[in-house]
Amino acid sequence: MEAALAEELLEIAQTTKSPTLKVHNQVPGGVHCSGDLYDAYRINLHSRIASRVLMRMGVCHYQNENDIYDLVLAQPWEEWFGVEHTIRVDVTAIKSPLKSIEFTTLKIKDAVCDRFRDMYNKRPSVNTREPDMRIAGFLDQRQFTIYLDTSGEALFKRGWRTETGDAPLRENLAAGLLRVSGWKPGMPLFDPMCGSGTILCEAAQMVQGVPPGARRRFAFENFHDFDPAPWQEMKAAIKPNPLPTEPTIFGSDISGDMVAMTRHNLKSAGILFEVPLKQIEAQQVQAPVAIEAGSPAILLTNPPYGERIGVRGDSTMPEDELAKSFYADLSKTLKQRFAGWTAYLFTADLNLPKLLRLKESRKTPFFNGALECRLFRFDMVAGFNRREEAIPGKVVKPDEPKSAE
């Protein structure tokens, strides 16, 4: 989601009128940007896609753990937090020659604690569950970078989710999928397998103009020089959008419990307008709103795969047969009832187009945690199904892929 995040950061700089926030290069897993400390506040408040906002404290070339210890020891941690704050250290490494990440993590913790002990004859305690301050180290083959985390809890934890179904999407991943799909507030959006409603909640907050960080606390609020006045001004400057008069966001799920959970989560997320929800199988859905020719409309969903297919369907059937039957029926529904829509399916099942017997017009790689996934795009061109059936002598074999174009 690096490109989507870079695009979002540029938008945050523009909409908040920040003269200092600058976006630099994208790197695997992140985006480098620069600015003053208030820009870190702005990103934490407004970014839907970032996982964390990390402030770079120092960087060096290293040969062994002692080089890393020396760099961390030299940082002025006492300017940012006190000995009374609890800490946690996390290290990520790519192609590092060091033998033990655990030992490196310990050396970083020791360096922070030794810095405080040398200055105050006391050291901060470690709390791995709910630390006041998180310190992040990153190693590649030759270079080590040390960061102080300004976010605290990961940013996908918006503060509204109280209930989840099996294998819920993270909120920032749902926001990334919405951005990559090209959906914008005002466009029709439909999730026919909404689960606990993560995609719908993210989209509804965007329609309403609710920033993702409006309902939670951040680590930077514990910094020594934290000034609450500018922070309160930033939050007070948020102007919600006018509530829509007609629904544009719709959801459904086979499970009544999931529909109830989505309704509850929308309320918890502060959504004040109606998001129509139905309990219905995905294969049976109709387009929730009529669209004019050429008008964009997005169907975006995270269909069940693997073990989850048994949850949504008949768990007595063998998994492969169940998947084939489910996707064959879903394919018919998309072709017959969603002409003119663009369908996006996010899945770890890379054979999904084959199961649907549709040719994707685009596939975007994503990772859902460690799971490699794809966002498949299918353009449901109006009149496709009638054209296919009207070709003289055309016989469509059961396993023959059909193009959606």
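**Exercise 1. State which residues F81 is in contact with, leaving aside its neighbours within four places in sequence, and place F81 in its core.**

Solution.
Step 1. Contact means heavy atoms within 4.5 Å. By this criterion F81 is in contact with I87, V112, F116, M133, I135, L148 and H224, once its neighbours within four places in sequence are left aside.
Step 2. A nonpolar core is a set of buried Ala, Val, Leu, Ile, Met, Phe, Trp, Tyr and Cys residues joined through side-chain atoms within 4.5 Å. Buried means under 20% relative accessible area, exposed over 50%, and partly exposed in between (1.4 Å probe, protein chains only). The largest nonpolar core has 49 residues, and F81 belongs, with W77, F144 and L148, to those that touch the most other members.
Step 3. Helix α1 (residues 2-15) contributes the largest share of this core, six residues. Another core, of 31 residues, lies apart from it and has L177, I271, F273 and I298 among its members.

The structure is a predicted model, in which local features need pLDDT of at least 70, side-chain atom pairs count only at pLDDT 80 or more, and totals for chains, interfaces and linings use all residues. Residues are numbered from 1 along each chain as its sequence is written, and side-chain values use heavy atoms, with hydrogens and water left out.

**Exercise 2. Describe the chain by its helices and strands, its buried share and its contacts.**

Solution.
Step 1. Helices (H or I, at least four residues) and strands (E, at least two) are DSSP runs, numbered from the N terminus. The chain has 12 helices and 15 strands.
Step 2. Of its 405 residues, 49% count as buried.
Step 3. Among contacts in the chain with a separation of 6 or more, 76% join residues 24 or more positions apart.

**Exercise 3. Determine whether the span of α1 agrees with expectation or departs from it, and find what its buried residues pack against.**

Solution.
Step 1. The expected span of a helix is 1.5 Å times one less than its number of residues. The 14 residues of α1 should therefore span 20 Å, and its end C-alpha atoms are 20 Å apart, in agreement.
Step 2. The buried residues of α1 are A4, L5, A6, E8, L9, I12 and A13. They pack against β1, β2 (30-34), α2 and α5.
Step 3. An α-helix has 3.6 residues a turn, so residues three or four places apart point the same way.
Step 4. Just after α1 comes K17, with a positive phi of about 55°, although K17 is not a glycine. K17 is in the loop between α1 and β1 (22-27), and it counts as exposed because its relative accessibility is 71%.

**Exercise 4. Identify which helix gives the most to the lining of the second largest pocket.**

Solution.
Step 1. On a 1 Å grid over the protein atoms alone, a cavity is a set of points where a 1.4 Å probe fits but cannot get out, whereas a pocket is an open set with protein on both sides within 12 Å along at least five of seven lines; lining residues have an atom within 4 Å of a point. Grid points are joined across faces, edges and corners, and a volume is the space filled by probe spheres set on the points.
Step 2. The second largest pocket has a volume of about 890 Å³. It is lined by 29 residues, of which E11, I12, T15, H46 and R48 are the closest to its centre.
Step 3. At least two lining residues come from each of α1, α2 (37-46), α5 (171-181), α6 and α7 (228-236). With five residues, α1 gives the most.

**Exercise 5. Examine helix α8: how many residues has it, which of them are buried, and what covers these?**

Solution.
Step 1. Helix α8 (residues 256-268) has 13 residues and reaches 18 Å from its first C-alpha to its last, close to the 18 Å expected.
Step 2. Its buried residues are M258, V259, M261, T262, N265, L266 and S268. Their cover includes α6 (198-208), β8 (249-253) and β9 (277-279).
Step 3. At the start of α8, a side-chain oxygen of S255 comes within 3.2 Å of the backbone nitrogen of D257. After α8 follows G270, with a positive phi near 80°.

**Exercise 6. Decide whether F376 is buried or exposed, and list what it touches.**

Solution.
Step 1. F376 lies in strand β14 (residues 371-379) and counts as buried because its relative accessibility is 2%.
Step 2. Not counting residues up to four places away in sequence, F376 touches A343, Y344, L345, T347, D349, L350, L352, P353, E360, R362 and K363.
Step 3. L352 belongs to helix α11 (residues 352-356). With the same exclusion, L352 touches Y327, L345, T347, F376 and F378.

Terms used:
Polar contact = N/O pair within 3.5 Å; in protein donor to acceptor, adjacent residues only side chain to side chain.
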